[in-house]
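Please read the following briefing with the sequence and the three-dimensional structure side by side, and find each residue as it is named. The points are grouped by topic.

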Amino acid sequence: MDDSPIDLSSLDPSREPERWKQLIDEVVEQARAAHCRRMSVAHQLVAWTVPALAIAAAFALVVWAGALSVAQRTATAHNSAADPAFVLARWAMTDERPATSAIWQVFGERYDRD
Amino acid sequence: MLDDHQIASLVEQAKRGDSPAFEALAKAYLRAAYSVALATVGRPADAEDVAQDAMLRAFERLESCREPARFGGWLLQIVRNQALNWLDRRRLREVPNHCIPLEPILEDSARGPMGERVPLLRALNALTPVRREVVLLHDLEGWTHGEIALALEISEPMSRQHLFLARRELRRQLSEPLIEEVDHG
């Protein structure tokens with residue numbers, strides 16, 4: 001059986017060398033122009049905007065979470081220190097004899113709040 | 001044909017916007033891109049446009065070419081996608097008809113020295129897309145079965161099989177009009 005190549009030369013686009021060369025030149029010129037556009041300052045800014053915003057958002061989230069945690073711990077400590085029962089218990093455990101002014105201060109704050 | 005090392009080197013240079021690298025890659029692969037586009041869109045003029053667009057798209061996306069040495073296969077996949085998109089757009093643009101989709105109209109240029117294109121395109125239309133690609137890459141571009149197998153992600157024996165069947169079908173298709181003419185004569 002004949003298995004020789006089929007003559008497809010009539011479909012060869014480079015049968016017209018000038019036109020084919022022009023086609024290649026157009027591709028090269030447009031590729032070069034597109035590369036220059038990508039490298040321009042404005043394009044670089046646009047390209048970096050999304051990752052920069054993402055990094056900023058992640059950083060803000062970390063800072064916010066940290067601040068929230070610190071605030072919670074401070075509030076807990078403050079509440080404990082102001083609680084008369086806690087203060088009395090601490091005095092009892094450490095065998096401390098507080099000054100009268102300190103007693104008034106502890107209970108006075110409570111009365112003030114009530 | 002460029003070797004893997006040369007291709008990879010050209011791709012790296014093209015990533016940096018080197019014009020001679022763009023030109024070398026276009027010279028090496030634009031014809032193959034045209035063949036694959038022709039296998040899908042069926043019209044030489046459209047195939048040229050698709051090949052050109054796909055080559056540009058590939059140059060713009062070189063960063064995503066993970067294996068620069070396999071630039072050819074990667075490019076041909078882009079060509080195939082572009083050609084399918086082109087076909088979709090053409091179907092929307094054109095009034096549907098039942099003619100052969102592969103350049104059915106005898107253009108003025110086709111009646112002259114390029115007239116032999118029409119029966120060839122009709123015959124190619126009778127093949128499956130992969131056989132069209134194989135026969136065009138082998139018999140028009142002069143690619144080896146190894147190169148075709150690598151680019152189309154098929155085995156070399158499969159490439160040979162496709163070529164054999166494609167040529168047989170093309171010969172059969174090309175001989176049919178002659179028989180009809182004899183019958184009518």
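In this predicted model, A:Asp95 is exposed, because its relative accessible area of 64% lies over the 50% that marks an exposed residue. This residue sits in the loop of chain A that joins helix H3 (84-94) to helix H4 (100-113), and its phi is positive, at about 55°, although A:Asp95 is not a glycine. The points below take up a residue of chain B in a loop, then the two chains, the packing of two helices and a buried serine.

**A loop residue of chain B**

- B:Glu153 is another residue that is not a glycine and yet has a positive phi, of about 55°.
- Its place is in the loop of chain B that lies between helix H8 (145-152) and helix H9.
- With a relative accessible area of 66%, B:Glu153 is exposed, because the value is over 50%.

**The two chains in outline**

- Chain A contains four helices and zero strands, and its elements, read from the N terminus on, follow the order α-α-α-α.
- Of the 114 residues in chain A, 18% count as buried.
- Chain B contains nine helices and zero strands, so that its elements, from the N terminus on, read α-α-α-α-α-α-α-α-α.
- Of the 185 residues in chain B, 48% count as buried.
- Among the contacts in chain B with a separation of 6 or more, 64% come from residues that are 24 or more positions apart.

**Helix H1 of chain A against helix H2 of chain B**

- Two packed helices are described by the angle between their axes and by the distance between the axes.
- Helix H1 (residues 17-39) of chain A packs on helix H2 (residues 19-41) of chain B at an angle of about 130°, and their axes are 9 Å apart.
- H1(A) and H2(B) are therefore oblique to each other, and H1(A) passes H2(B) in a right-handed crossing.
- On the side of H1(A), the contact is made by A:Trp20, A:Leu23, A:Ile24, A:Val27, A:Val28, A:Ala31 and A:Arg32.
- On the side of H2(B), the contact is made by B:Ser19, B:Phe22, B:Glu23, B:Ala26, B:Lys27, B:Leu30, B:Arg31 and B:Tyr34.
- Sorted by class, the residues in the contact of H1(A) with H2(B) are ten nonpolar, one polar and four charged.
- An α-helix has 3.6 residues a turn, so residues three or four places apart point the same way.

**More about helix H2 of chain B**

- H2(B) bends by about 45° at B:Tyr29.
- Because 17 of the 23 residues of H2(B) are buried, this helix is largely enclosed by the rest of the structure.
- Just after H2(B) comes B:Gly42, which takes a positive phi of about 80°.

**A buried serine in helix H9 of chain B**

- B:Ser159 is found in helix H9 (residues 156-184) of chain B.
- Is B:Ser159 buried or exposed? It is buried, because its relative accessible area of 0% is under the 20% that serves as the limit.
- When its neighbours within four places in sequence are left aside, B:Ser159 is in contact with B:Val134, B:His145, B:Ile148 and B:Ile154.

Key
Residues numbered from 1 in each chain as written. Chains lettered and ligands numbered in written order. Predicted model: local features only at pLDDT ≥ 70, side-chain atom pairs only at ≥ 80, totals over all residues. Heavy atoms only, no water. Axes fitted to C-alpha atoms, helices over the stretch in contact; angles between N-to-C directions. Parallel < 35°, antiparallel > 145°, perpendicular 65-115°, else oblique. Left-handed = near helix turned anticlockwise from the far one by under 90°. Contact = heavy atoms within 4.5 Å. Nonpolar A, V, L, I, M, F, W, Y, C, P; charged D, E, K, R; others polar. Bend = angle between axes of the 7 residues up to and from the residue. Buried < 20%, exposed > 50% of the residue type's maximum accessible area, 1.4 Å probe, protein only.
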